[in-house]
Amino acid sequence: MRETTQIERLFASNRRWVAAMTQTDPEFFRKRARPAEPHFLFIGCSDSRVPADQLTGTTPGELFVHRNIANQVFTADLNVLSVLQYAVEVLQVEHVIVCGHYGCAGVQAAASAAPLGLVDNWLGNIRNVMRLHRRELDAIADPAARLRRLIDLNVVEQIYNLSQTPVVQRTWQGGAKLLLHGLVYELEDGLLKDLALGVDGPEKAETLAHAGQRG
Ligand code: CO
């Protein structure tokens, strides 16, 4: 009974949303039923507190979205690679965003020793990020600050992973514009922080692999 009520709540709020949107613009849904031309691919965390559309103030049709636990870009993950390929080569988006968030339970779990089951395999990559940046992270005395830095570094690592995919490499080689942006969302105040990585080609991508970003 309780579950039914909760699910019904979603349908009720869906109907309210439709009413509100069509009141502002009677053509809202008709316009958005046409093929969309989003300018952004947004790769974020599955966390329910990080809604891609709402936190960027975008409406349906503007963002192509992929979410998984702790916003990972695995070069062997057919799901994220397919989303990336479709977004870049078919939709021709020029901006790919990896958006992490502070308070990320996925990153926190990777940093702790407590076993969680299957998800531990998924989070293994973050343990590699910790290993790569061991010196920098160990130098941060405050555990909360250390976790925040790991969350930043996890985003940097995923941007690097993106830059190494054949799709991104091919796009850059072909001379097309493609920018990779690393962002972190602050749950406490709702603001997005730009890590200002400015990755627009292979040279810039390589700087992520060196220059104090690792080590
Ligand atoms: Co998260």
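## Close-up views of a predicted model

**View 1. Helix α9 and the elements it packs against.** The buried residues of α9 make contact with α4 (78-90), α8, β4 (179-185) and α10 (202-209). The model shown here and in the views that follow is a predicted one. Helix α9 spans residues 166-173, and its buried members are V167, V168, T171 and W172. Looking down the α9 axis, these buried residues fall within an arc of 130°, so they line one face of the helix. That spacing fits a familiar rule: an α-helix has 3.6 residues a turn, so residues three or four places apart point the same way.

**View 2. The other side of α9 and what comes just after.** Here we turn to P166 and Q173, which are exposed on the other side of α9. Just after the helix comes G175, whose phi is positive, at about 85°.

**View 3. N154 in helix α8.** Helix α8 covers residues 143-163 and includes N154. With a relative accessibility of 1%, N154 counts as buried because the cut-off for buried is under 20%. Its side chain has polar partners to look for: a polar atom of the N154 side chain lies 3.2 Å from the backbone oxygen of A70, and the side chains of N154 and Q158 make a polar contact at 2.9 Å. Leaving aside residues up to four places away in sequence, N154 touches A70, N71, Q72, V107, I126 and V129.

**View 4. The two domains of the chain.** For orientation, the protein chain is divided into domain 1 (1-34) and domain 2 (36-209). Between the C-alpha centres of domain 1 and domain 2 the distance is 30 Å.

Notes
Residues are numbered from 1 along each chain as its sequence is written. This is a predicted model: local features need pLDDT of at least 70, side-chain atom pairs count only at pLDDT 80 or more; totals for chains, interfaces and linings use all residues. Side-chain values use heavy atoms; hydrogens and water are left out. Helices (H or I, at least four residues) and strands (E, at least two) are DSSP runs, numbered from the N terminus. Buried means under 20% relative accessible area, exposed over 50%, partly exposed in between (1.4 Å probe, protein chains only). A polar contact is a pair of N or O atoms within 3.5 Å; within protein, one must be able to donate a hydrogen and the other to accept it, and residues adjacent in sequence count only if both atoms are side-chain atoms. Contact means heavy atoms within 4.5 Å. Domain bounds come from an automatic or database domain assignment. The arc is that of the directions from the helix axis to the C-beta atoms.
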